[in-house]
Amino acid sequence: MSLINYSSKEITCKIVYYGPGRCGKTSNLQYIYGKIPDEKRSSMVSLATEKDRTLFFDFLPLELGTIAGYKTRVQLYTVPGQVFYNSTRKLVLQGSDGVVFVADSQVDQWQENLDSLQNLRDNLAGLGMDLYKIPMVMQYNKRDLPNIMSVADLNTGLNFRRAHHFEAIATSGVGVFDTLKTVSALVLQSLSAKYKK
């Protein structure tokens, strides 16, 4: 849930990158972090194993500028892709304002994508949140690899909400900022609608 500090006129939103293990969630945040000017970013926290997998989460606070007199800050997180860290996934997902589901485009990762999407749905439901209502963007990563599924097939199988979707090669930045800009805009629209009531 977003935090609004009326005295400092600051809005802080939380966006979570979700998906199966090694799909490229951390690569997204690493690329974003590398492109943000020093004066606009703070430290990125990343806890990884010796195999370079995210164990808990990456946290990257990022300023988006000022909207209606309020400084807007977005905190980006990833969840661990491994199933045995599900309690950590739930903890990171709690209070999120938006989700990016990062799917691995490789054919042999299809079942992992389906399992992770179902896990996202279950965890959101367990937190009293609705996958159909939370601002969400689909990212089809690893488009540079051989033996990948078509975007049409990925959309048919995964994008039941018909959410905005982007092809990506997160390690080189393709589609990374398109994804971030779109999910940020959706989150801000959602917050704007919520607080106008």
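From the N terminus on, the elements of this chain follow the order β-β-α-β-β-β-α-β-α-β-α-β-α. That order comes to 5 helices and 8 strands. Please keep in mind as you look around that this is a predicted model.

How compact is the chain for its length? With a radius of gyration of 16 Å, close to the 16 Å that the globule rule gives for 197 residues, the chain is as compact as a globular protein of that length. Along the principal axes, the C-alpha atoms fill a box of roughly 50 × 35 × 30 Å.

Let us turn to burial and contacts. Of the 197 residues, 47% count as buried. If you take the contacts between residues at least 6 apart in sequence, 68% of them join residues at least 24 apart.

The surface and the charges come next. The chain has an accessible surface of about 9,900 Å², and carbon and sulfur atoms account for 53% of that area. There are 23 positive and 18 negative charges in the chain, and their mean positions lie 7 Å apart.

Now for a closer look at one strand, E2, which spans residues 10–18. Why can E2 be called largely enclosed by the rest of the structure? Of its 9 residues, 8 are buried, so the description fits. Here buried means under 20% relative accessible area.

Which strands pair with E2, and in what sense? The table sets out three pairings, with the bridges counted for each.

| Partner of E2 | Residues of partner | Sense | Bridges |
|---|---|---|---|
| Strand E1 | residues 3–5 | antiparallel | 3 bridges |
| Strand E5 | residues 70–78 | parallel | 8 bridges |
| Strand E6 | residues 98–104 | parallel | 4 bridges |

Individual residues let you find these pairings in the model. On the E1 side, Leu-3 has Thr-12 of E2 as its bridge partner. E1 and E2 form a hairpin with 4 residues between the strands, and in this hairpin Lys-9 takes a positive phi near 55 degrees.

On the E5 side, Cys-13 has Val-74 as its bridge partner. That contact belongs with the parallel pairing of E2 and E5, which covers 8 bridges. For E6, look for Tyr-17, which stands opposite Val-100.

Taken together, E2 pairs in the antiparallel sense with E1, in the parallel sense with E5 and again in parallel with E6. With 8 of its 9 residues buried, E2 makes a good place to start a tour of the model.

Terms used
Residues numbered from 1 in each chain as written. Predicted model: local features only at pLDDT ≥ 70, side-chain atom pairs only at ≥ 80, totals over all residues. Heavy atoms only, no water. Helix = DSSP H or I, 4+ residues; strand = E, 2+ residues; numbered from the N terminus. Rg over C-alpha atoms; globule rule 2.2 N^0.38 Å. Buried < 20%, exposed > 50% of the residue type's maximum accessible area, 1.4 Å probe, protein only. Contact = heavy atoms within 4.5 Å. Areas by Shrake-Rupley, 256 points an atom, 1.4 Å probe, with all protein chains shown as cover. Lys, Arg positive; Asp, Glu negative; His and termini not counted. Charge placed at Lys NZ, Arg CZ, Asp CG, Glu CD. Pairing = 2+ DSSP bridges.
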